[in-house]
Amino acid sequence: MALSRGLRCCQRVFSWIPVLIITAVVLWSYYAYVFELCLFTITNTLEKVAYLLLFHVCFVMFSWTYWKSIFTPPASPCKKFQLSYSDKQRYEMEDRPDAQKQILVEIAKKLPIFTRAQSGAIRFCDRCQVLKPDRCHHCSVCEMCVLKMDHHCPWVNNCVGFSNYKFFLLFLAYSMVYCIFIAATVFQYFLKFWEGVLPNGPAKFHVLFLMFVALMFFVSLMFLFGYHCWLVAKNRSTLEAFSAPFFANGPDKNGFNVGMRRNLEQVFGENRRLWFIPVFTSQGNGHYFPLKNRSSESQNPLLANEDMWEESDDGSEEGSLAEDVDPSVTIEMEE
């Protein structure tokens, strides 16, 4: 037990190494650009002030979005999807597998769950003891079920999901802006140092290396950002792009695709003035999502009014049940 706890502690410490690497590179780029380029190399005062102002705008937005991507906790299923104490006790005391499955089916009837496991079973996490909402997956690194999980990103040491997907996209976008701004403004001085127009000194190494690093990161980020833009346009997560979500009638890679405009609004919200600001504006609460098949959604009154299945102030459950789950559907234990 002590050894296992020690290994987990070491894993948590080492998981911060990618973040520290990114932080170190960014801090060096700040020093190289502000001091070695703007203060020690550029002689034109107007150019120096303009570069410093625009650079700090890019730097602040990049740092803000990176901070939000790292420190926004992943959202997990609410307690409506967890087995209550009585249900858990009833489930554990039942010896017959079919009866256990039926208990979980009865719980699932109260919830807006449309996706299934590949076997057609209702998805259940035996580690977290929750029925998984649509698009929810268990992260073995975070050791929790994450709503609309996209992937676990080592560069932010966090799960990218419903609660921080917008922040992650903005982080990629402002990282590209940061890199391309540095490359564009450094380029003329890069040529002057390369051709020997400017004298050799400490600034030469910083400016030359700054140009190469900015272009290298920009190219890698461009492909990653383009891929996630495609995912947003199709309303898919990274996990769903590799394995199409299963519904009662089988897999459907476009099951959550409700049109580009609505797909964008699900991530960024309806207020377009807030799209580029790292504040949470995503629609919904991550427990259910509109379906491409509008008939399935309209048959479920819970999707029309999320308050119908949220817990009321007095702790009682409100509203009617969702559309019935087929009693023949089995429950599959997933990790």
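This report covers the pocket, cavities, annotated spans and a hairpin of a predicted model.

## Largest pocket

The largest pocket holds about 470 Å³ of space. Its lining counts 26 residues. Nearest the centre lie I22, F171, S175, F217 and L221.

Five elements each give at least two residues to this lining: α2 (17–39), α3 (45–71), β5 (151–153), α6 (165–195) and α7 (202–234). Helix α7 supplies the largest share, with eight residues. By class, 21 lining residues are nonpolar and five are polar. No charged residue takes part in the lining of the largest pocket.

## Annotated spans

The UniProt record, an unreviewed entry, lists residues 12–33, 49–67, 167–191 and 203–227 under "transmembrane region". Two of these spans can be set against the model.

Residues 167–191 are 100% helix and 0% strand. The C-alpha atoms at the ends of that span are 36 Å apart. Residues 203–227 are likewise 100% helix, with 0% strand. Here the end C-alpha atoms lie 36 Å apart.

## L210 in helix α7

Helix α7 also carries L210. Is this residue buried or exposed? L210 counts as buried because its relative accessibility is 2%, and the cut-off for buried is under 20%.

Which residues does L210 touch, leaving out those up to four places away in sequence? The contacts are W28, S29, A32, Y33, I182 and V186. Take Y33 as one of them. In sequence, L210 and Y33 are 177 residues apart. In space, their C-alpha atoms are 7.9 Å apart.

## Enclosed cavities

How many cavities of 30 Å³ or more does the model contain? The count is two.

The largest cavity has a volume of about 80 Å³. Its lining is made up of K148, D150, G161, Y165, L231, V232, N235, R236, S237, N263 and V267. Helices α7 and α9 (260–268) are the elements that give two or more residues to this lining. The classes split into four nonpolar, four polar and three charged residues.

The second largest cavity has a volume of about 50 Å³. K148, G161, F162, Y165, Q266, V267, S282 and F289 form its lining. Four of these lining residues are nonpolar, three are polar and one is charged. K148, G161, Y165 and V267 appear in the linings of both cavities.

## The β1–β2 hairpin

Strand β1 spans residues 122–125 and is covered on both faces. I122 and F124 are buried on one side. R123 and C125 are buried on the other. In a regular strand, side chains alternate between the two faces of the sheet.

Strand β2 (residues 130–131) runs antiparallel to β1, and two bridges join the pair. F124 of β1 stands opposite L131 in β2. Four residues lie between the strands of this hairpin. Q129 takes a positive phi near 60 degrees.

## Summary

Helix α7 recurs through this account. The helix gives eight residues to the lining of the largest pocket, and L210 is found in it. Helix α7 also gives two or more residues to the lining of the largest cavity. The two linings vary in class: the pocket has no charged residues, whereas the largest cavity has three.

How values were computed: Residues numbered from 1 in each chain as written. Predicted model: local features only at pLDDT ≥ 70, side-chain atom pairs only at ≥ 80, totals over all residues. Heavy atoms only, no water. 1 Å grid on protein atoms, 1.4 Å probe; cavity = no way out; pocket = protein on both sides within 12 Å on 5 of 7 lines; lining within 4 Å. Points joined across faces, edges and corners; volume = space filled by probe spheres on them. Nonpolar A, V, L, I, M, F, W, Y, C, P; charged D, E, K, R; others polar. Buried < 20%, exposed > 50% of the residue type's maximum accessible area, 1.4 Å probe, protein only. Pairing = 2+ DSSP bridges. Contact = heavy atoms within 4.5 Å. UniProt positions renumbered as here; feature names shortened; annotations may be inferred.
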